[in-house]
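Here is a friendly walk through some pairings, packings and charged contacts of one protein model. Please keep the coordinates open beside the text as you read.

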Amino acid sequence: MVAKPTPSGDNPSGRRKPLVNKRWCPPATATDICKCRQPEGEERYASGLLTHQFPYRDLNGSRLFSRFRYRVTDKASPEYPKTFRYCRHYEKNNPVHQAALYGLPKIAEAKAQHIPKIYLVEGESDAEAAFERHIYASTAHTGTRFYAEMAAHYRGYDGIVYILADRDHLDPKHQQAFKEDGQDYPGARSALKRWRALRAEGVKAFFRESTTGKDLRDHFNGGGSIDTLEKVGLEEIKLRAPKEAGLKEVPGIQLRDGELPDGPGMLNFIQALEHNGYLVIPLGDGRYKTNCPHPEHDDRNPSFEFQQGDEGVKAFCFSRDCSDKRGNPEGWREICDNLGIPQSATFDDTASGYSNDGDERVDVTNSSRATKWLMDNLGAGQLSGFFTRGGVIVHTPRIGEKGYIPLKHKHDDDEDSEAQVRFATADIISASVHLEIGCFKLKMDRDGNVKKDDSGKAKKEDARFPETAAKDIVARPDMAPNVQPIMGVVHVPTFRPDGSLIEEPGYDEATGLLYLPRGLDIEKVPEHPTAKQVQDAVKMICTPIAKFDFITPHDKANYLGALLTPLLRTLLPPPYKFILIEAHQRGSGKTKLAKMVIAVHGGVFRVELPEDDAEMRKQFSSILATTTGGVVVFDNLSGILRSSTFAGILTAKTIGDRTLGKTRMERWPNDRLWMGTGNNVAVGGDIPRRTIRVRIDPGVPEPEKRTFAFDPERWAASHRAEILHALLTIVRGWIAAGMEKAPHTSSDDYADWTQGINGILKFAGIAGVFDHSDTVVKANVDEDDWSSLLEAIHDKFGADKFKVSDVAEKLAPGHISLDEAAKGGYISPEVLPAGLLADFEKAGSMNTSIRKKLGNGFMRNERKWFGRFCVVLVDKNSKKGNTFRIETYTPNNEEQN
């Protein structure tokens, strides 16, 4: 067994001291509890300079208390450069206050948005340095102490927490205390406590440190980025804090020159061990031993032995509490990560007696070495288009690039987005390496020796990258450290949850979004737009729609709100309502309005919406899984739009389906804006309250014959950069003004989105209300349809029981009038719900499929009143058929009056 980390974040013995519960903090509200501007007892530091105020907030963003930092000026000693004081609201023995973290709302946001990384830093100034760069971070106000209650805030987080260890082991003052008094380095002691507390909550945690100065702010000030932080292994942290780690002996003796191995992989491995403070003991015959470097094996004895293998390091841990790390790929990866070296460094590049001679292609002579090469290179350089999503490797080719395969559709008018997210199977990865980089094999003689030419160079031949090597990485994508987790692909600048803007193309670590613009040169958006800049922006976005006749200002506001939405997918996250652009007659311009949104943001265009629920779910899953862009449009909807599947999709945050040969269920974020167009579209079921209408009416016959000064769709495409700049300017102005949202009008899944859009429109001075009640779909077509059918069934059966087959037998053959049906003792097909009527007219009879739909409709609407009638299930029998009856409602005299 591997030794388990101690459960306490402050006590290595595992016995956590309970927090004193004397007084609880008042419950969090939307109003700040603390509004202090000075610390308690501020007069004691009158000679100091107040430099910072750090507000500590709860999950809702309300301030609980503040912590103030002073620069002390009345003490000559450099040992007292600063001090901290709390405000009067801080209660030392309050468990809520004691467990508070600086940046707590960031943790909640990262959990909700599945942000892949959070950095746990040493102090508030480091957290602020991270916030300035749109990086998720938090810290504790308790110095080197870190309670289990603090770690509990991370519970359920599915990303990785990187613990920033201060480099105070480079400070001479701390070095002297470490050597002479045996004191742990404070930064390492704190980092170890945090690691233990997080691991006890089941959170993945690793160590990082700056390359310049002491902490994260020094690292940034020295020109470093979040990606250039250095890895630090658990064993090295323990060596810096041996008392906290419970080490009995601190190794530090290095091998002498005569005891060093010959193989470069062995040499790299030993150097990494010694750099991390391990004592390497030579055993003779090329064998060595040391403490086990696996981060989860708390080894106190040198039970880990290693030696030269055929290709590099061959190792084994002989402890009963450990396992064969060399034979276990995951274990060996964790060892190398702990030591801060790539796995490929433990293999011998010259093991076959040759060099690459500057050949940049991949050597695939040995499949195992090819696997190690792919492990280190996938997701970087020429293979940077590979990411992980839901634990699966995906590839993001764009139109015209290798790997882009146009989707096959029934209609030629269908359009896909300019990039794809495709499952990266082993053959796709193999082909990518072969086509992008190239591969070779060494020529061998019968004895297995490398053939050489007259100049002594190894002979090579062209080869393909082995799929067996790629299959290893597909099966274990976590073994490829450069493959980043991706949350989505956008083609326009997008606002982060904190209001900052993703402007640089490439992978955005804060959100997990990949920004892939194409031919898009947008002018710099001002941080604080002026009123005139906002007014000019409004004129720009209204220019291409000036000739469209919106029925009310609210319809126009609905369209502009839809145009803004794709920029806000993390600031005002989905789900979003269905945007239905409709008119009374063809040629009104509905499709042009919808295609203008795609022209600006990118997306998917389909000429029809599948009628079958199974096909609908399949197509929606395919769109989310393989396409990109922020908008999906279904054109020319007709009849009645009624689907429980579609209604469910409009409220779902994720959509799942079986993929990869139907062996596993995958889920994808439902982060698109779904739109549709149609003439006089009837909406039924649960879709009406999940739909926002944009109605236009040209008010003339044959509107398709109208002429415009310019084609709106083409104008929007050619002025895409200017329109985006205008939209971004409006949103950034709203953010700079305080991001005020409209008052609450509902508490459903869409409330935050609609309130935010209305806040933006109001700030920009745009008339109309987004999702106004005047544009809501009010008619419930289901009630009209089903009430007629239930009344007709009641006329034939009264209060008697019936089955679906009985109704089918009473249904009139062919399309006859109500009077003719009544004379013949039949039920007219005209009383069928519109969807069933369309199926009946198409089939010419009440076939099995229609009967099944009718039975499902009875079950779905059971005990639901349609006018005076409702259907009631009397007997449920899956084999012989369910039995129903119709109940009627007669109001009493009081109700009638």
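A salt bridge here is a side-chain nitrogen of Lys or Arg within 4 Å of a carboxyl oxygen of Asp or Glu. The model is predicted, so local features need pLDDT of at least 70 and side-chain atom pairs count only at pLDDT 80 or more, while totals for chains, interfaces and linings use all residues. Residues are numbered from 1 along each chain as its sequence is written, and side-chain values use heavy atoms, with hydrogens and water left out.

## Salt bridges

How many salt bridges does the structure hold? There are 24 salt bridges, and three of them are set out below.

| Acidic residue | Basic residue | Closest N and O atoms |
|---|---|---|
| Glu 132 | Arg 133 | 3.6 Å |
| Asp 462 | Arg 361 | 2.7 Å |
| Asp 508 | Arg 496 | 2.8 Å |

To place these residues, some terms help. Helices (H or I, at least four residues) and strands (E, at least two) are DSSP runs, numbered from the N terminus. Buried means under 20% relative accessible area, exposed means over 50%, and partly exposed lies in between, with a 1.4 Å probe and protein chains only.

Let us take Asp 508 and Arg 496 first. The salt bridge between Asp 508 and Arg 496 has its closest N and O atoms 2.8 Å apart. Asp 508 sits in strand β23 (residues 506-508) and Arg 496 in the loop between β21 (494-495) and β22 (501-502), so the pair ties together parts that are 12 residues apart in sequence. Both Asp 508 and Arg 496 are buried. Elsewhere, Glu 132, Arg 133 and Arg 217 are joined into one network by salt bridges that share partners. Within this network, Arg 133 is partly exposed, at a relative accessible area of 35%.

What separation in sequence does the pair of Arg 361 and Asp 462 span? Arg 361 belongs to the loop between α11 (329-339) and β14, and Asp 462 to strand β19, so this pair ties together parts that are 101 residues apart in sequence. Arg 361 is partly exposed at 25% relative accessibility, whereas Asp 462 is exposed at 67%.

## Sheets

Two strands pair if DSSP finds at least two bridges between them. Strand β19, home of Asp 462, belongs to an open sheet of 3 strands in the order β14-β18-β19, with mixed pairing. Its edge strands are β14 (362-363) and β19 (460-463), and each pairs on one side only. Strand β18 (residues 439-442) runs antiparallel to β19, and 4 bridges join them. Phe 440 has Asp 462 in β19 as its bridge partner, so to speak a second link for a residue that also forms a salt bridge with Arg 361.

Strand β23, home of Asp 508, lies in another open sheet of 3 strands, with the order β20-β24-β23 and mixed pairing. Here β20 (488-490) and β23 stand at the edges with a single partner strand each, so one side of each is left without a neighbour in the sheet. Direction ignored, neighbouring strands of this sheet are turned by 30° against each other on average; axes are lines fitted to C-alpha atoms, for helices over the stretch in contact, and angles run from 0 to 180 degrees between N-to-C directions. Between β23 and strand β24 (residues 513-515) the pairing is antiparallel, over 3 bridges, and Asp 508 stands opposite Leu 513 in β24.

Is strand β7 (residues 160-164) mostly covered or mostly open? In β7, 4 of its 5 residues are buried, so to speak a covered strand. Strand β5 (residues 117-120) and β7 pair in the parallel sense over 4 bridges, with Leu 120 facing its bridge partner Ile 163 in β7. Strand β8 (residues 204-209) also runs parallel to β7, and 5 bridges join them. One of the opposing pairs is Ile 160 and Lys 204 in β8.

## Helices

The axes of helix α16 (residues 553-564) and helix α22 (residues 751-764) come within 10 Å and cross at roughly 110°. The two helices are therefore roughly perpendicular to each other, a label for angles of 65 to 115 degrees. Ala 557, Leu 560, Gly 561 and Leu 564 of α16 make the contact with Ile 757, Ile 760 and Leu 761 of α22, where contact means heavy atoms within 4.5 Å.

Helix α17 (residues 590-601) is mostly covered, with 9 of its 12 residues buried; among them are Leu 593, Met 596 and Ile 598. After α17 comes Gly 602, whose phi is positive, near 80°.

Notes: Angles under 35 degrees count as roughly parallel, over 145 as roughly antiparallel, 65 to 115 as roughly perpendicular and the rest as oblique.
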